[in-house]
Amino acid sequence: MRARSVAIVSVACVCIGVGIWSLGSFDYWDRTSRSAQVLPSPAATAEVAEVAVTASARKSFDDLLRQYGSVPLADAHNHDASDFRYLDMPSMWKKDAVDRVILFGDVSESSAIRTDAYAWKAYTDSPDFFVPYFSGFDLHDPSSLQVVRENLEQGYFGLGEIAAASYNSPVVSKVEWKAKDPMDGFLPQIYDLCAEFQAPILLHMDPPNGFVIDKLEEALSAHPKTIFIFGHANAYNSPENIKRLLEKHDNIYMDFFAGFTVFNLESANRIEDFLPVIRQFPDKFMLSTDSGYGLASEEAAIEAMYRVLDAIGDPALIKKVAYDNLDAIIRNEPATQTQKEAVQKQDAARDVAKLTKLEAGKLLWGK
Ligand SMILES: [Zn+2]
């Protein structure tokens, strides 16, 4: 029953999505537009789709899956905790050989408290697949420090997606708990907590230039032990800006929203334009779908990740960007005291001294 309804929903999404995607200039930042709004004429849609296909589909998606399906692949930025959307995804993730999903829901607003809990539920059901992040705290209120500490202590792996600045996005610019800039509110103290737990923080920042990035650089310098991930760093941003940040700061990583560069007509750059900086910093990039935001479908966003891997070409670099760079961060997080106590409650003889957060989760929640 579920399989059948998922199939019907998928077809509907693709139809809606193709229309929306060709309207990219209006709605990239407008998540709500995916489900409504005016569609272009079928002829216009077909024309735009054809241009994109000719430009990007030398190999079919099936060809890419055959070639790269055995390479471990992680999605570093996924919102499918919102509305429990992740429950409809496993068949697609399986078919498309996705091996890990960094899962969260809403962005820096009170509804995120609920979707953070959904991400946690997904994780405790499938600790081998999901890695939960959270963003349900008011970063202008001192209570945020308690929420961050408690959630990291409980076992969440990171913070995200956090609205560290948003001026252009019709959606994120309106969220109630957004920061004015990456040093606003209690963010500095939150960065210190992240460092204490060795947990990364995934930031949304738009525009990706000007004073927003000046403040990001201030944060990067003032919190050298904190791991910052620049969310969809390639969206409306140039390879030169990314390169400049990476050359100056060791503690920033780039979440590369493949679908934006591959399929969104708003992208001023092609994959090829980013390859030099990816090669220059082979340990700093990770791939994501952003749940297909602004694209025809979430699956198009997954396909785009494979197209980026294909463009990278070099097997060692593919492995890093597809999985290992992010895995190194996740794997480095130590188990918390709370987790260690819970593990020892199950098995008093277990040595927990060097236990990692990833291992603790598998022991506590693995089937
Ligand atoms: Zn996002």
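Ile 201, Leu 203 and Met 205 point to one side of strand E5, Leu 202, His 204 and Asp 206 point to the other, and all of them are buried. A residue is called buried when 20 or more other C-beta atoms lie within 10 Å of its own, exposed when 12 or fewer do, and partly exposed in between, with C-beta atoms placed from the backbone. Strand E5 spans residues 201-206, and six of its six residues are buried. Strands (E, at least two residues) and helices (H or I, at least four) are DSSP runs numbered from the N terminus.

The model is predicted, with local features requiring pLDDT of at least 70 and side-chain atom pairs counting only at pLDDT 80 or more, while totals for chains, interfaces and linings use all residues. Residues are numbered from 1 along each chain as its sequence is written.

**Overall architecture**

The protein chain contains 16 helices and eight strands. Of its 367 residues, 46% are buried. Among the contacts with a separation of 6 or more, 73% come from residues 24 or more positions apart; a contact requires C-beta atoms, placed from the backbone, within 7 Å of each other.

**The sheet**

Strands of a sheet pair through backbone hydrogen bonds, either parallel or antiparallel. In this model an open sheet of eight strands runs in the order E1-E2-E3-E4-E5-E6-E7-E8, with parallel pairing. Pairing here requires that DSSP finds at least two bridges between two strands. E1 and E8 are the edge strands, each pairing on one side only. On average, neighbouring strands of the sheet are turned by 30° against each other, direction ignored. Axes are lines fitted to C-alpha atoms, for helices over the stretch in contact, and angles run from 0 to 180 degrees between N-to-C directions. The table lists three of the pairings.

| Strand pair | Sense | Bridges | Facing residues |
|---|---|---|---|
| E4 (residues 158-166) and E5 | parallel | five bridges | Ala 163 and His 204 |
| E5 and E6 (residues 228-230) | parallel | three bridges | Leu 202 and Ile 229 |
| E7 (residues 252-257) and E8 | parallel | four bridges | Met 254 and Phe 285 |

Helix H6 (residues 111-125) packs on this sheet, where it touches strand E2 (100-103) and strand E3 (130-134). The direction of H6 makes about 160° with that of E3.

**Connections and cis peptide bonds around E5**

Strand E5 pairs in the parallel sense with E4. The chain passes from E4 through helix H8 (residues 187-197) to E5 in a right-handed β-α-β crossover. Right-handed indicates that, with the strands pointing away from the viewer, the path from the first strand over the helix to the second runs clockwise. E5 also pairs in the parallel sense with E6. From E5 the chain crosses through helix H9 (residues 211-222) to E6, and this β-α-β crossover is right-handed.

Cis peptide bonds occur in this region. One joins Asp 206 and Pro 207, with omega about 0°; Pro 207 lies in the loop between E5 and H9. Another joins Gly 160 and Glu 161, with omega about -10°, and Glu 161 belongs to strand E4.

**Positive phi at two aspartates**

Asp 83, although not a glycine, has a positive phi of about 55°. Asp 83 is located in the loop between strand E1 (74-78) and helix H5 (90-95), and counts as partly exposed because it has 13 C-beta neighbours inside 10 Å. Asp 290, likewise not a glycine, has a positive phi of about 50°. Its loop runs between strand E8 (285-288) and H13. Asp 290 counts as buried because it has 25 C-beta neighbours inside 10 Å.

**Nonpolar core**

A nonpolar core is a set of buried Ala, Val, Leu, Ile, Met, Phe, Trp, Tyr and Cys residues joined through C-beta atoms within 7 Å. The largest such core holds 94 residues, among which Leu 103 and Val 308 touch the most other members. Helix H13 (residues 298-312) contributes the most to this core, giving nine residues. Outside its neighbours within four places in sequence, Val 308 contacts Phe 256, Ala 258, Val 262, Ile 271 and Leu 287.

**Packing of H10 and H12**

Two packed helices are described by the angle between their axes and the distance between the axes. The axes of H10 (residues 239-248) and H12 (residues 271-280) come within 9 Å and cross at roughly 10°. H10 and H12 are therefore roughly parallel to each other; angles under 35 degrees count as roughly parallel, over 145 as roughly antiparallel, 65 to 115 as roughly perpendicular and the rest as oblique. In this packing, Pro 239, Ile 242, Lys 243 and Leu 246 of H10 meet Asp 273, Phe 274, Pro 276, Val 277 and Gln 280 of H12.

Definitions and conventions: Two residues are in contact if their C-beta atoms, placed from the backbone, lie within 7 Å.
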